[in-house]
Amino acid sequence: MAVFVALGAFLMTLFGGWTAQRVTDRRHLVLGLAGGLMLGVVGLDLLPEAMHAAGQEVFGVPQALLLFVGGFLVAHLVERLLAVRQASHGADPKESEALDVPDGRAHAHAHAHERVPQVGLTAAAAMVGHSLMDGIALGAAFQIGGGMGAAVALAVVAHDFADGFNTYTLTSLYGNDRRKAVMMLVADAVAPVVGAASTLLFTLPEELLGSYLGFFGGALLYLAAAEILPEAHHEHPARSTVLCTVAGVAFIWLVVGIAG
């Protein structure tokens, strides 16, 4: 049953990626929605679950929160290290001169030039890992009972639309071509099926699952707050972009509330 439900998650993930791909002419709205979905997943889904599963304290701070902050910092350090590595190869002199022009277009050029494709692939790989854990959680829930399995199934299938949407958006945002974005999307879609099937072989300790969710939530929040949302408002600081972000958060809240 868990594997069958995971096939629904597979289709929803692909649909989310297809949606992100089709609305490229409204890129700022796509990014605004993606940022809202990511914020909602972190604040309303991942972090509460992490606190519940790994809530013991370390020096007065819940372990899940420590890992949450750690995930945020690791994501920041990885991006900076990759950016420095790219810069160390040297920029084109003509391009460097263009970046010195003090107008909005030059700033946009500089902003785009700083995008490191490896960051997008790393972030998408983290999304794939998260989807794998979704499948494992789904399988574990059905081992507990049908009611628990149905609740988790609803949450996984619904928010895998957001996972697919964000996986494709993250990969392409950092300058990766469409082939790589589709490849990561397919990997993200297959991951929950593999995760659900794997629960026939082992059981994941709840504390380890909670620790992972806390760490991943911190990394995801960094990408939403430091990359996705600023990019969404860079060229189109429109009210509609903000509304898309709010809609993304509200959608995740609805999913969590229905599943809860």
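**A pocket and the cores beside it**

Biologist: What makes the second largest pocket, with about 270 Å³ of space, a pocket and not a cavity?

Modeller: On a 1 Å grid over the protein atoms alone, a cavity is a set of points where a 1.4 Å probe fits but cannot get out, whereas a pocket is an open set with protein on both sides within 12 Å along at least five of seven lines. The volume is the space filled by probe spheres set on the points, which are joined across faces, edges and corners. The model is predicted, with local features needing pLDDT of at least 70 and side-chain atom pairs pLDDT 80 or more, while totals for chains, interfaces and linings use all residues. Residues are numbered from 1 along each chain, and side-chain values use heavy atoms, without hydrogens and water.

Biologist: Which residues line the second largest pocket?

Modeller: Lining residues have an atom within 4 Å of a point; there are 17, and the closest to the centre are Ala 75, Thr 122, Ala 123, Ala 126 and Ala 219. Helix H9 gives the most, with six residues, and by class the lining has 14 nonpolar, two polar and one charged residues.

Biologist: Why is the largest nonpolar core called a core?

Modeller: The name applies because its members are buried Ala, Val, Leu, Ile, Met, Phe, Trp, Tyr and Cys residues joined through side-chain atoms within 4.5 Å, where buried means under 20% relative accessible area with a 1.4 Å probe, protein chains only. This core has 39 residues, and those with the most contacts inside it include Met 38, Leu 170 and Ile 228. H9 gives the most to this core, with ten residues.

Notes
Helices (H or I, at least four residues) and strands (E, at least two) are DSSP runs, numbered from the N terminus. Ala, Val, Leu, Ile, Met, Phe, Trp, Tyr, Cys and Pro count as nonpolar, Asp, Glu, Lys and Arg as charged, and the others, Gly among them, as polar. Buried means under 20% relative accessible area, exposed over 50%, partly exposed in between (1.4 Å probe, protein chains only).
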